[in-house]
Amino acid sequence: MAMDEHEALTALFPRQVEIDPLVQSLREAGISEAQISIMTPLPLSERASVRLGSMPLYVITMIAGLVGIAIGIFFAGGTAAMYPLMTGGKPIVGAPIVGIISYETMMLLAIVVTFITSVVTIKRAHRAITERDSRVDDGYVMARVSMSSTSTARIGLIRNLLQRAGSLEIQWESTQKEKGNQSGKAIAVVLAAICLMNGCSRDMQEQPSYEPQEAPRLHSPLGAVPRDSRAVITGSLEESMSEGVNLFRINCSHCHGTTGRGDGPAAAYLKEKPADLHKSDVQTLSDSALYDVLTRGKDVMPPFKGELSAKERRSIVAYVKSLPKRMLEKHANHQ
Amino acid sequence: MASGQANWNEMPAINRDLLAPLQGAGLGYFLLVVLLAAMVAAGAGAWFYQIETGIGRTNMHPPIFWGAYIASFVYWIGVSHSGTFISGVLRLSKAQWRRPITRIAELMTIISVTIAALCVFYHLGRVWRWYYLIPYPNQREIWPDFRSPLMWDATAVFTYATASSIYLYLPLIPDFALARDRIGGWRRWCYSVLCLGWKGTQREWETLNTAIRIITPLIVMVMISVHSIVGWDFGMSLVPGWHSSIIAPYFVVGAVHSGLGMVMVGLYFVRRTYRLEPYIRPEHFDKMGKLLIVTTLSLAYLYFADQLTVWYGNIPDHMAILHAMVSGLYAPPFWTMIVLIYLIPLSTLTIPSFRRWPFGMMVVGIGINLGMYIERMLIIVPPLSRPRLTYNWSSYFPSWGELTILLGSLALAVLLYVLAVKFVPIISIWEEKEGRMSAGGHG
């Protein structure tokens, strides 16, 4: 093949060279198209149908895409096959999901393989060429004719042809083998070492965890931080109202509603409707009677004795008693 | 070729102009790099502190289990759509005016995908166990759950990051070859490795063109799938405010919207700093502005369609969120967002002379990005803070640690860009030449 030949004539042409007649005349002199390389600062044609052997590049893309689909099905579908149990009436991995994963792996493989193939093709395309005049990027055109016979007569003939086409410089070139690049290997070794280093920590064994048969925690642990503020509640009496607001929302609002109207999201599912805490039959109860309801429960309402401390229960009572007043204030603010 | 003569003679000037940004750097450049590096260091320190002391250092708490990190992830993935959209879609439609913009946008893509991936790691508790996420037959028999949209997301983002790196790199090969011959120092070695020994023979050009032509439609399809899947991270859950069939296209259009805004900012600063006015002309801003009008209107339409069904349906759980945004706790950010991403772009970009004013376009671009960031936060926080059971309704604002990390990553994005400008020709040189050639040849 012409690729393997190590001797060539290179010629640099000015910008106004006519390339087609030049190639034509070289061919008439018995030079095959594969022996001629025209180097330009930009593609001369918009042709984009490169082939590898007899196969167009897009066929390779499509094959890679099919392999990608297979990989997607292997992972997502394989997971479904490995864990066949149904959860919530649905298979553990549904067909649409296999589709989504396969779509992504198809694209990944298609793009990466196309890329690698093109890189290899580009590298192969100039395997024999060692020199390129940097003036090519300034708009010059460089032609390289690799020679199968090195007889001086033949070289002279080609040299003449190139000169007649308007070449500025003609050089005789002998190719040497390029040295292989080791940097890729070094990078791979470093990456592998970094990945291996991840295996060193053993802290999963030292974490605090539940013991077998240990009772579930009902209270927040001592010193726990409340959910909607970063400050630790100090528990002074002045602040018991704001504590009551929070505790009411956490413990009461799903039935009694955030405003205490008895319209919480869980109310619809209860056979006895939760009380509207704004109504007089609740508001006329004394603090201690409300406290009692909270402590022992009433009808479907559970007792909170075990859930909340006495102080916490009192703060909720104070909040419930303040509901009508808050409502009035809210109305006043709106007007 | 004879008719394109003048254009061939312009090539030395084009090379000189477009390689100039790679050479030399003033005091201002170094100060900027130092400033950005300091911000990155602060962010890294905050992240290290968070790793040391635990994910509880963030302000995330039940029920708000996603916060600013995830909002930033969505935002940065969105910004990353700039490059693919501009260079992919415009390459497909053979729009000639894309040529000076593609590289600027593609660089943004790859940098913002990197930052987006970082945001996921910020959000991970026990981040040093990140490799549990990879499906491989391990001793612990831990296997990722493919039902989870997060798993789809990981697959898609990985595909997108790989594909967009390839997409940035392929058209760079001839430019690296050019830079190898003209730039000395340590970079010469990098360029000679990266340019794959490019010689510029017709077979190489044809291979490159074929590869670009095959990969371009593929990457556009990946781009659309990526932000759809990010949308499905939300849409697949039954959370009111998220569970919407329109969320995927809404996310994609929103991503392109913020991406275009960001490209505008990049274009302005690159053009101004490196005096590229002959290459990046007002008509490029004009064309970008027209694209932005399209995205503004599409986004407004999708958002309205989404919220209209919520409002008309009047389901209490959904209305709680709508009320919280329109007139409740989140009203100030909500209306700021409406102004920044819809009203300002619409009222300015529809004026032709405004579109040709680079500074104004840059300001609008910044506004759009601020607005889109608020929008990402509004997608995450209000629905999470108003779950169906009322007992732990609450709200969220990022902690100092979170803000430091996120500002640090913004600085990292800018820093990477500023450094990349010194390494990568910021305008695709051969494509610019090709554009001028064909313009001269046919016109």
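These questions and answers walk through a predicted model of two chains, A and B. Residues are numbered from 1 along each chain as its sequence is written, and chains are lettered from A, and ligands numbered from 1, in the order in which they are written. Because the model is predicted, local features need pLDDT of at least 70 and side-chain atom pairs count only at pLDDT 80 or more, while totals for chains, interfaces and linings use all residues.

Me: Which element gives the most to the side of chain A that touches chain B?
Reply: The contact takes 62 residues from chain A and 60 residues from chain B; two residues are in contact if their C-beta atoms, placed from the backbone, lie within 7 Å. The elements giving two or more residues to the chain A side are β2 (36-39), α2 (57-82), α3 (95-125), α6 (240-251) and α7 (253-256) of chain A; helices (H or I, at least four residues) and strands (E, at least two) are DSSP runs, numbered from the N terminus. With 18 residues, the element that gives the most is α3(A).

Me: Is strand β1 of chain A largely enclosed or not, and how many of its residues are buried?
Reply: A residue is buried if 20 or more other C-beta atoms lie within 10 Å of its own, exposed if 12 or fewer, and partly exposed in between, with C-beta atoms placed from the backbone. Strand β1 (residues 7-13) of chain A is largely enclosed by the rest of the structure, because its buried residues number 6 of the 7.

Me: In β7(A), which residue is the bridge partner of A:Ala11?
Reply: Two strands pair if DSSP finds at least two bridges between them. Here 6 bridges join β1(A) to strand β7 (residues 141-146) of chain A, and the two run antiparallel. The partner of A:Ala11 in β7(A) is A:Ala143.

Me: What is the radius of gyration of chain B?
Reply: Chain B has 18 helices and 0 strands. The globule rule (2.2 Å times the number of residues to the power 0.38, with the radius taken over C-alpha atoms) gives 22 Å for 443 residues, and chain B comes close to that, so it is as compact as a globular protein of that length. The radius of gyration of chain B is 23 Å.

Me: What percentage of the 443 residues in chain B is buried?
Reply: Along the principal axes, the C-alpha atoms of chain B fill a box of roughly 75 × 55 × 45 Å. Among contacts in chain B with a separation of 6 or more, 81% join residues 24 or more positions apart. The buried share of chain B is 49%.

Me: Which residue joins B:Pro62 through a cis peptide bond?
Reply: Most peptide bonds are trans. In this cis bond, omega is about 0°. The partner is found in the loop between α3 (27-53) and α4 (68-79) of chain B, and its name is B:Pro63.

Me: Does B:Arg275 count as buried or exposed?
Reply: Phi of B:Arg275 is near 50°, a positive value in a residue other than glycine. B:Arg275 is found in the loop between α11 (247-273) and α12 (282-313) of chain B. With 11 C-beta neighbours inside 10 Å, B:Arg275 counts as exposed.

Me: How far apart are the C-alpha centres of domain 1 and domain 2 of chain A?
Reply: Chain A is divided into domain 1 (2-175) and domain 2 (237-334), with bounds that come from an automatic or database domain assignment. The distance between their C-alpha centres is 76 Å.
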